[in-house]
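Reader: I would like to learn how to read a structure step by step, beginning with strands and moving on to helices and charged pairs. Could you take me through an example?

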Amino acid sequence: MDIQIRNANKADMPAVLELIVELAVFEKEPDAVKITVDDLWSQGFGEQPQFRCFVAEVDSEIVGMALVYFRFSTWVGRTVHLEDLVVKESMRGKGVGDALYRRVMQYAKDEGVNRVNWMVIGWNEGAIRFYERSGAEVMKEWWQVEMDKDGLNNYLNEK
């Protein structure tokens with residue numbers, strides 16, 4: 001199987017959104033995706049793109065994607081954050097995820113960052129084993145903390 005990894009373009013965003021929705025379903029959050037193709041277009045391809053996306057193609061069909069952006073760590077400096085790496089369910093176990101992961105790591109190396117970080121859901125044992133085999137450290141003692149838009153508004157309007 002010939003897997004091609006390339007930079008995503010605007011025309012790829014409908015397929016990228018389909019993969020994002022597939023990931024949400026896989027993670028048991030089917031209604032969590034609020035972003036639209038228009039959001040991906042404007043925030044990924046405007047004057048100041050907020051992310052870079054790589055897509056995996058097999059036989060001219062997009063079968064996976066990885067979306068990254070830069071962060072700054074007070075401990076190590078410039079960092080690449082891997083927001084999501086998704087492979088269509090029918091293509092899992094065929095090297096697509098590995099090819100995307102390798103492309104993200106090469107991008108981070110080319111950009112000269114000091115770290116790549118990402119999150120993995122605790123029950124995704126296959127992904128955890130893959131990351132550990134690659135040399136990544138799964139930091140089980142750290143907890144993700146987040147506040148959604150409603151929480152933000154409620155907190156700021158408390159007083």
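Reader: How many bridges join strand β1 to β2?

Author: In this predicted model, strand β1 (residues 4-7) is joined to β2 by 4 bridges, and the two strands run antiparallel. One of the pairs to look for is Ile5, whose bridge partner in β2 is Ala56. On the β3 side, Ala56 stands opposite Gly64, and β2 pairs with strand β3 (residues 61-73) over 7 bridges, again in the antiparallel sense. In the hairpin of β2 and β3, 2 residues lie between the strands, and Asp59 takes a positive phi near 50°.

Reader: Is strand β2 enclosed or open?

Author: To judge this, count the residues under 20% relative accessible area, which are called buried. In strand β2 (residues 52-58), 6 of the 7 residues are buried, so the strand is largely enclosed by the rest of the structure.

Reader: What span should helix α3 have, and how far apart are its end C-alpha atoms?

Author: At 1.5 Å a residue, the 16 residues of α3 (residues 96-111) should span 22 Å, and the end C-alpha atoms are 23 Å apart, which agrees. After the helix comes Gly112, whose phi is positive, near 70°.

Reader: Which residues of α3 are buried, and which are exposed?

Author: The buried residues of α3 are Val96, Leu100, Tyr101, Val104, Tyr107 and Ala108. They cover an arc of only 135° around the axis, which puts them on the same side of α3. These buried residues pack against β1, β2, β3, β4 (77-87), β5 (115-117) and α4 (125-134), whereas Arg102, Lys109 and Asp110 are exposed on the other side of the helix.

Reader: How many salt bridges does a search of the whole structure find?

Author: The search finds 5 salt bridges, and for each it helps to ask where the partners lie and how accessible they are. Glu22 forms one with Arg92, their closest N and O atoms being 3.6 Å apart. Glu22 lies in helix α1 (residues 13-26) and Arg92 in the loop between β4 and α3, so the pair ties together parts that are 70 residues apart in sequence. Another joins Glu61 and Lys88, with the closest N and O atoms 2.6 Å apart. Since Glu61 lies in strand β3 and Lys88 in the loop between β4 and α3, this pair ties together parts 27 residues apart in sequence.

Reader: Is Asp12 buried or exposed?

Author: Asp12 is buried, with a relative accessible area of 7%, while Arg6, at 25%, counts as partly exposed. Their side chains meet in a salt bridge of 2.6 Å, N to O.

Conventions
Residues are numbered from 1 along each chain as its sequence is written. This is a predicted model: local features need pLDDT of at least 70, side-chain atom pairs count only at pLDDT 80 or more; totals for chains, interfaces and linings use all residues. Side-chain values use heavy atoms; hydrogens and water are left out. Buried means under 20% relative accessible area, exposed over 50%, partly exposed in between (1.4 Å probe, protein chains only). Two strands pair if DSSP finds at least two bridges between them. The expected span of a helix is 1.5 Å times one less than its number of residues. The arc is that of the directions from the helix axis to the C-beta atoms. Contact means heavy atoms within 4.5 Å. A salt bridge is a side-chain nitrogen of Lys or Arg within 4 Å of a carboxyl oxygen of Asp or Glu.
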